[in-house]
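Thanks for making the time this morning. I would like to take you through one model, beginning with the ligand and then turning to the sheet.

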Amino acid sequence: MSFQVFGLPVSRGVAIGRAVLVASSRVDVAHYFIDEDRVEPEIARLRTARDAVASELTALQRDLPAEAPAELSALLDVHLMLLHDDALTGATKQWIHERHYNAEWALSAQLEVLARQFDEMEDEYLRERKADLEQVVERLLRAMARGPASSFAPAPGVAPRDFAGEDPLVLVANDIAPADMLQFKRSVFTGFITDVGGKTSHTAIVARSMDIPAVVGAREASRIIRQDDWLVIDGDAGIVIVDPSAIVLEEYRFRQRQSTLGRERLARLRHTPAVTLDGERVELLANIEMPSDAVAALEAGAVGVGLFRSEFLFMNRNGELPGEDEQFEAYRMAVEAMKGLPVTIRTVDIGADKPLDRMSANELRHEHALNPALGLRAIRWSLSEPGMFRQQLRAILRASAYGKVKLLIPMVAHLSEVKATLEALARARQQLTEAGKAFTQVEIGAMIEVPASALMLPAFLRHFDFVSVGTNDLIQYTLAIDRADEAVAHLYDPWHPAVLGLLARVIAQARAAGKQVSVCGEMAGDPEFTELLLAMGLRSLSMHPSQIAAIKQRVLRTDAKRWSAHLERVLTADDPQLAAMAAARALSSAQRDDLVLDS
Ligand code: PEP
Ligand code: MG
């Protein structure tokens with residue numbers, strides 16, 4: 001029976017495919033398809049792992065001290081029984097055989113199926129056996145990781161091929177960490193659904209950067225949707241249709257084709273300069289997470305990178321941080337790929353909803369922070385790890401010998417942080433000079449993302465060459481709304497007069513001081529705000545490469561001067577809906593003005 005699940009629309013477009021349910025703890029398991037001739041060797045990997053775990057469990061049981069409680073031995077019996085149960089290993093083989101999933105994926109898919117069966121059991125004792133099953137699967141996954149690696153996993157950076165004849169797949173999970181999302185950049189999934197998350201949670205941001213339809217904050221989705229259900233993700237409306245009827249499916253397939261055509265049309269604007277109707281040149285820059293994203297940025301027609309979120313280099317490393325040389329190579333790669341266009345590298349912004357990975361040495365600090373969004377995050381963390389920070393600054397400075405590099409500092413709120421950062425930078429420069437390593441002059445910018453720095457901008461501007469407004473955090477901290485919490489997502493509103501007021505003020509003050517100002521939060525890539533931002537005087541916007549063409553189209557159709565005549569009305573509205581309505585009226589009357597002029 002068809003039904004709908006509602007969530008937040010975070011990444012546009014339509015995805016149609018079968019559900020693959022993945023437990024949050026398993027999203028980092030590799031997911032790829034294997035060729036027909038690799039089915040038997042993959043099953044052999046599973047068998048080898050099963051035998052290894054059986055020996056492990058038998059040895060544990062044999063070595064139990066005589067005084068060990070009898071329950072322990074009984075528990076190991078249960079584990080052995082689960083291990084050999086056809087419902088686990090037999091069915092896993094079937095996933096490999098019939099679907100051509102790699103063994104780890106097949107095993108976690110089967111775990112999901114069985115876990116649900118356990119959840120639905122009446123008997124409490126049996127229900128609790130789910131934890132045992134999870135432990136057995138954990139052992140199997142570990143044994144596979146220890147055993148010979150699958151020789152048919154796609155190499156890093158290589159997109160896994162689609163399995164011929166196989167249906168497209170949509171990933172459904174309770175949550176996906178930003179670090180795990182990175183792995184999906186080269187995955188087989190055509191869309192994502194998560195139970196938790198907000199519109200500007202980093203999971204949503206990475207989904208948008210991949211240009212894959214996604215719905216987050218869908219509450220119960222991973223509980224209600226079953227493995228293999230047919231799904232339609234409507235990424236524009238934030239709706240998931242489970243088991244759609246033939247008519248609905250046909251309608252969405254039509255919309256999918258329309259959206260592909262629309263994108264192809266927009267792509268033709270790639271080389272058109274972004275200039276408004278009244279002749280104002282606008283700089284459209286790209287937000288990237290990895291050096292390899294620079295290719296997509298250039299292809300989309302970006303005139304530089306406005307935000308390189310360097311923290312993604314620090315994730316998925318089992319707690320080990322990247323050293324100076326490794327970072328230098330990554331930054332140099334991005335700089336060289338941009339062929340002389342500016343690359344703005346933001347120093348590491350770890351914390352809040354972007355923890356280092358689970359194994360991190362700093363895990364304790366982050367996991368147990370009382371309120372991570374208000375805790376040791378971004379520049380605060382960097383200044384608390386001076387060795388790490390100087391290493392990163394040296395790496396960024398060294399990359400400046402290969403192109404135009406700009407340095408961006410996240411989340412500054414105190415002038416003392418500015419002072420400490422500039423001192424660290426001076427020291428990093430001195431160390432490089434002493435070591436005879438090349439670097440050139442780089443411009444230094446501050447991210448304005450807490451009300452404190454927005455309210456005392458002139459004092460900050462004295463120390464920086466440019467500022468970039470991080471609206472995602474500026475909204476979070478102005479409205480006291482956790483950007484990753486779906487329970488308060490309805491209150492996260494860029495149209496809030498307090499947000500618009502701060503934004504307009506920052507843009508005006510930076511311009512008055514003769515400093516460059518950009519916006520690199522999600523508002524920059526949302527066509528709903530383009531005219532408003534231009535009317536505020538903004539001439540530089542940084543967004544995911546996939547959004548550049550749509551924003552350019554808006555820029556080309558906007559008369560910034562005429563629109564700014566209506567700005568005051570938007571800024572003086574005293575509630576978000578009224579502000580949005582005033583903007584809509586401004587848009588239609590600016591267009592009417594055009595008509596009058598044209599006629
Ligand atoms: C922002 O806060 O708007 C921003 C661009 O930084 P991030 O989303 O990485 O916190
Ligand atoms: Mg931010």
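Let me start at the backbone of threonine 471, where an N or O atom lies 3.1 Å from an oxygen atom of ligand 1; please keep in mind throughout that this is a predicted model. Taken alone, ligand 1 exposes 290 Å², and the protein buries 100% of that area. As for where it is placed, ligand 1 sits in the largest cavity.

Side chains make polar contacts here as well: an N or O atom in the side chain of histidine 202 is 3.0 Å from an oxygen atom of ligand 1, and for the side chain of lysine 354 the corresponding distance to an oxygen atom of the ligand is 3.2 Å. There are 17 residues around ligand 1, and those that come nearest are Arg309, Arg346, Gly470, Asn472 and Arg483.

Which elements supply this shell? At least two residues each come from helix H8 (202–210), strand E10 (305–309) and helix H19 (471–479), and H19 gives the most, with three residues.

Turning now to the sheet, we have an open arrangement of eight strands in the order E1-E8-E7-E3-E4-E5-E6-E2, with mixed pairing. Strand E1 (3–6) and strand E2 (8–11) are the edge strands, each of them pairing on one side only, and the twist from one strand to the next averages 30 degrees.

Within that order, strand E3 (residues 14–21) and strand E7 (residues 230–234) run antiparallel and are joined by five bridges; in one of the pairings between them, valine 14 has aspartate 234 in E7 as its bridge partner.

Terms used
Residues are numbered from 1 along each chain as its sequence is written. Chains are lettered from A and ligands numbered from 1 in the order in which they are written. This is a predicted model: local features need pLDDT of at least 70, side-chain atom pairs count only at pLDDT 80 or more; totals for chains, interfaces and linings use all residues. Side-chain values use heavy atoms; hydrogens and water are left out. Two strands pair if DSSP finds at least two bridges between them. Helices (H or I, at least four residues) and strands (E, at least two) are DSSP runs, numbered from the N terminus. Axes are lines fitted to C-alpha atoms, for helices over the stretch in contact, and angles run from 0 to 180 degrees between N-to-C directions. A residue is near a molecule or strand if one of its heavy atoms lies within 4 Å of it. A polar contact is a pair of N or O atoms within 3.5 Å; within protein, one must be able to donate a hydrogen and the other to accept it, and residues adjacent in sequence count only if both atoms are side-chain atoms. Accessible areas come from the Shrake-Rupley method with a 1.4 Å probe; for residues, only the protein chains shown count as cover. On a 1 Å grid over the protein atoms alone, a cavity is a set of points where a 1.4 Å probe fits but cannot get out, and a pocket is an open set with protein on both sides within 12 Å along at least five of seven lines; lining residues have an atom within 4 Å of a point. A molecule sits in a cavity or pocket if more than half of its atoms lie within 2 Å of its grid points.
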